[in-house]
Amino acid sequence: MLISVLRNALPSIEEVATASLPDLLAMMRDLGILLGSVKRHGVEPVAVAPELEEVLPLIARRSGMVIPRDTIYHYVLWNPVGPRERLYTGLPMERMLMSAVRVALPMLSTAVDVCTSLDDATPGELAFATSVNELATLVGTMRDSMDLVIANVGPEFFARTMRPYFQDIRVGDDTWLGPAAAHVPVALIDLRVWASDHADDCYLDFVDHSAWYALERWRPLYRDWQRGPSLVSRVVEALERHPRQDVPYVINASAEALCRTMRALTVFRGKHLSIAREAYAPDTGLYELGSGGGSVALLENVMNQARDMATLVRLNTSGTRRRRTGKPPRGGKPSCEF
Ligand code: HEM
């Protein structure tokens, strides 16, 4: 039954070749629900509908996406709310899970814009301090998003009912991850804020991989922001140029704002980690890895790094400042699986 629905939903190559952008996004979104549903029953979609091998890459290419299947953006951003909302299960908890991503995405998108605007500003400029303050508020919505999940989505529901729909599928010679909240642009914001010159190779590999699943306009940023000093390095360096008692007011304001941003990132991660631990506990979870291809160990590792960064900025900013540079353990690949 499901397989014939999938086959019947397949657009022709001609339809894909002439479709408008909104139609392409809708096509991929609707096919995505069917791809995940077929895979949930243990069947590779291309094995039962070989036309997908041609159709999926063409839709992706024409809509500016790299991977030949649906993403978190199709599932949440380009999915209407209300009776026309496309859902795998139709259950209220699925809607709540999607809402948690829906409330965060516009804020994260604006946060990426704010990070871009910081390219040319320095910690001694008021514009820098005000933008980083805005960033802290925007990133702070990730806490609300996690609170929504904690209050409304049971870990067992995620683990046993939803997670099976988010499995990877094979298209061409590769397998491609399904819609994963891990692909919202938190990793991109991390790169700019602290990760470009402080994260370990394990997290940077995860960030690289996430870039494939990102929106077209963000993909060059994933590449560019791997280089260059992070906001943490820029602020710490600006603080170090002055004796503690003579740090200019605006540089202190920039540092305080960065503390708030780092705190917001660690508060999100603390809440998120407790949800992930419950959902992937051996007696609850059905899978070892998350839908974004990463493990709970990866989350713990990123959490520890983000917390170290928050401490670094705080130590350099507080009255009893002990200056530290906190260079990362780069070089050599740590034994991690993301
Ligand atoms: C029951 C709900 C959830 C569970 C069990 C869960 C679990 C996980 C796991 C295991 C990972 C590791 C990487 C991977 O995806 O493979 C991960 C990553 C991630 N998830 Fe979730 N997640 C949930 C909901 C959410 C929501 C609602 C958001 C955002 C609105 C989110 C944002 C992220 C991000 C940004 C990452 C990348 C790693 C990081 O930045 O720390 N997750 N999640």
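**Exercise 1. Place Q167 in the fold and decide whether it is buried or exposed.**

Solution.
- Step 1: Q167 belongs to the loop that runs between α10 (155–162) and β1 (169–171). The model used here is a predicted one.
- Step 2: Read off the relative accessibility of Q167, which is 16%. The cut-off for buried is under 20%. Q167 therefore counts as buried.
- Step 3: Look for a polar partner. A polar atom of the Q167 side chain lies 2.8 Å from the backbone oxygen of P164.
- Step 4: Check a residue distant in sequence. Q167 and G292 are 125 residues apart in sequence. Their C-alpha atoms are 9.3 Å apart in space.

**Exercise 2. Describe the surroundings of the ligand, starting with the residues that come nearest.**

Solution.
- Step 1: There are 26 residues around the ligand. Those that come nearest are R269, H272, G292, G293 and G294. G292 is also the residue set against Q167 in the distance of 9.3 Å, C-alpha to C-alpha.
- Step 2: List polar contacts. H272 places a polar side-chain atom 2.8 Å from a nitrogen atom of the ligand. For G294, a backbone N or O atom is 2.5 Å from an oxygen atom of the ligand. A polar backbone atom of G290 lies 3.3 Å from an oxygen atom of the ligand.
- Step 3: Locate the site. The ligand sits in the largest cavity. Three elements give two or more residues each to the shell: α7 (92–117), α9 (141–152) and α15 (249–279). The largest share is that of α15, with five residues.
- Step 4: Sort the shell by class. It holds 17 nonpolar residues, eight polar ones and one charged one.

**Exercise 3. Classify the ring pair Y203 and F206, and explain why the label applies.**

Solution.
- Step 1: Choose the two quantities. An aromatic ring pair is described by the distance between centres and the angle between planes.
- Step 2: Count the pairs. The model has eleven aromatic pairs. In the pair Y203 and F206, the ring centres are 6.3 Å apart and the planes meet at 20°.
- Step 3: Apply the cut-offs. Centres must lie within 6.5 Å, and planes under 30 degrees apart count as stacked. The Y203 and F206 pair is therefore stacked.
- Step 4: Relate the pair to the helix. Y203 and F206 both lie in helix α12 (residues 201–211). They are three residues apart there, so about one helical turn separates them.
- Step 5: Add burial. Y203 is buried, at 3% relative accessible area. F206 is buried too, at 9%.
- Step 6: Note a cluster elsewhere. Y75, Y88, F158, Y165, F166 and Y280 form one aromatic cluster.

**Exercise 4. Which label, buried or partly exposed, fits L204, and how far is L204 from A310?**

Solution.
- Step 1: L204 lies in helix α12.
- Step 2: Its relative accessibility is 6%, so L204 counts as buried.
- Step 3: L204 and A310 are 106 residues apart in sequence. In space they are 18 Å apart, C-alpha to C-alpha.

**Exercise 5. Assign T110 and V114 to an element and give the burial label of each.**

Solution.
- Step 1: T110 lies in helix α7. V114 is placed in helix α7 as well.
- Step 2: T110 has a relative accessibility of 32%. Partly exposed covers values between 20% and 50%. T110 therefore counts as partly exposed.
- Step 3: V114 has 7% relative accessibility, so V114 counts as buried.
- Step 4: Take the C-alpha distances. T110 and D70 are 40 residues apart in sequence and 23 Å apart in space. V114 and I189 are 75 residues apart in sequence and 9.6 Å apart in space.

Note on methods
Residues are numbered from 1 along each chain as its sequence is written. This is a predicted model: local features need pLDDT of at least 70, side-chain atom pairs count only at pLDDT 80 or more; totals for chains, interfaces and linings use all residues. Side-chain values use heavy atoms; hydrogens and water are left out. A residue is near a molecule or strand if one of its heavy atoms lies within 4 Å of it. A polar contact is a pair of N or O atoms within 3.5 Å; within protein, one must be able to donate a hydrogen and the other to accept it, and residues adjacent in sequence count only if both atoms are side-chain atoms. On a 1 Å grid over the protein atoms alone, a cavity is a set of points where a 1.4 Å probe fits but cannot get out, and a pocket is an open set with protein on both sides within 12 Å along at least five of seven lines; lining residues have an atom within 4 Å of a point. A molecule sits in a cavity or pocket if more than half of its atoms lie within 2 Å of its grid points. Helices (H or I, at least four residues) and strands (E, at least two) are DSSP runs, numbered from the N terminus. Ala, Val, Leu, Ile, Met, Phe, Trp, Tyr, Cys and Pro count as nonpolar, Asp, Glu, Lys and Arg as charged, and the others, Gly among them, as polar. Rings of Phe, Tyr and Trp (its six-membered ring) pair if their centres lie within 6.5 Å; planes under 30 degrees apart count as stacked, over 60 as edge-to-face and the rest as tilted. Buried means under 20% relative accessible area, exposed over 50%, partly exposed in between (1.4 Å probe, protein chains only).
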